[in-house]
Amino acid sequence: MPIITRRRLLATLTGAAAAIGVPSIWMSYMKTYDGPVSDHFDGLHFFDPDGSPPKSLGEVLRWQFGGRRQRAVWPEWAPSPYADTPPPRVDGDRVRFCFVGHASWLIQTGGLNILVDPVWSMRASPFGFAGPVRHNDPGIAFEKLPRIDVVLVSHGHYDHLDVATLSRLTATSAPRVITPLGNDVTMRASDAAIKAEAFDWHQRVELGSGLAATLVPTRHWSARGLFDRNKALWASFVLETPAGKLYIVCDSGYGDGRHFRRVADAHGPLRLAILPIGAYEPRWFMRDQHMNPEDAVKALADCGAAQALAHHHGTFQLTDEAIDAPAIALGEALDAAKVPREKFMTLKPGQVFEI
């Protein structure tokens, strides 16, 4: 078994905090959500009645330092051949998607510009010197972004909620930031100017121009500090657009698929789903919180979307699979399920897809 040095332990916990929400030691006494008890909030912690609790610190150490770990080596830099310069607006019933990288997207439709889980920082981490680092540039240079109207932030893990990026966006565009309960506390604690609006599962938010977002349950969890595990909520989004409904799943395990089937029942038909396919190895550790490509293909069938785009891979090495493993495995899973590969596409940062 490898020797666990203090430096390696700090790097491990920092990376895990960013990747899977294992608490970072330095953020011990954060302000957290305070609200009424519900069927998924006990007065102190949020929970998913159909989910699974997060892994323990002991299980993290077993994964990180166990003698049988097989962690693929990513290339130090894996540049994308694409770099997008988006138009100022996209009007009418067209929807333009640009994959920024990891779980970050620019969605333009109905005259609105919407960012999803924007991360332009070099690290998905509370520290500038440790934690997961980018392996490619964002698909849109920050200075080439159009004016942003709305930001959707799914939950508080560092690879999804990047307060440095939110502060930059606030300074340039002052967008509305729509997020699940409690994450607004995190944002305003860092920058009081961030226009954060927090909502519960199943709440529908009018965005303007005929667009709306509904927060829906997803099989995940949240934490940023030592004592805030599940003290902020996590969610996926159903985005109503002139072209139809989009299902945006930023982070989720599969479970038995009921979360996806319920969205189909409540919000279908869905024009397009954005589904995560990466950060899934080892399966004994990641299964309950991250889908692998085979799970994602089942999730597509369950939600019934006409088209899917893949994300949550290829930018930050959060887990043990190779940088190209998710895209390769997705193609194999689609073939095995007899689903045309063009129905579930994998883009590179800066690549654009339109409907």
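**Exercise 1.** Does D50 count as buried, partly exposed or exposed, and at which relative accessibility?

*Solution.* The structure is a predicted model, in which local features need pLDDT of at least 70, side-chain atom pairs count only at pLDDT 80 or more, and totals for chains, interfaces and linings use all residues. Residues are numbered from 1 along each chain as its sequence is written, and side-chain values use heavy atoms, with hydrogens and water left out.

Step 1. Recall the classes: buried means under 20% relative accessible area, exposed means over 50%, and partly exposed lies in between (1.4 Å probe, protein chains only).

Step 2. D50 has a relative accessibility of 23% and therefore counts as partly exposed.

**Exercise 2.** Identify the salt bridge between D50 and R262, and state which parts of the chain this pair ties together.

*Solution.* Step 1. A salt bridge requires a side-chain nitrogen of Lys or Arg within 4 Å of a carboxyl oxygen of Asp or Glu. Side chains of opposite charge can pair when their charged atoms come close.

Step 2. Between R262 and D50, the N to O distance is 2.6 Å.

Step 3. R262 belongs to helix 5, whereas D50 lies in the loop between helix 1 (6–20) and helix 2 (57–65), so the pair ties together parts that are 212 residues apart in sequence. Helices (H or I, at least four residues) and strands (E, at least two) are DSSP runs, numbered from the N terminus.

Step 4. R262 is partly exposed, at 44% relative accessible area. Both residues also belong to a network of salt bridges that links D50, D256, R258 and R262.

**Exercise 3.** Describe the sheet that contains strand 7, and locate the salt bridge of R204.

*Solution.* Step 1. Seven strands form an open sheet with mixed pairing, in the order 7-8-9-10-11-12-13. Two strands pair if DSSP finds at least two bridges between them.

Step 2. Strand 7 (204–208) and strand 13 (344–346) are the edge strands, each pairing on one side only.

Step 3. Strand 7 and strand 8 (residues 211–216) run antiparallel and are joined by four bridges. The bridge partner of G208 is L211, in strand 8.

Step 4. R204 forms a salt bridge with E240, with the closest N and O atoms 2.8 Å apart. E240 lies in strand 9 and R204 in strand 7, so this pair connects parts that are 36 residues apart in sequence. R204 is partly exposed, at 45% relative accessibility.
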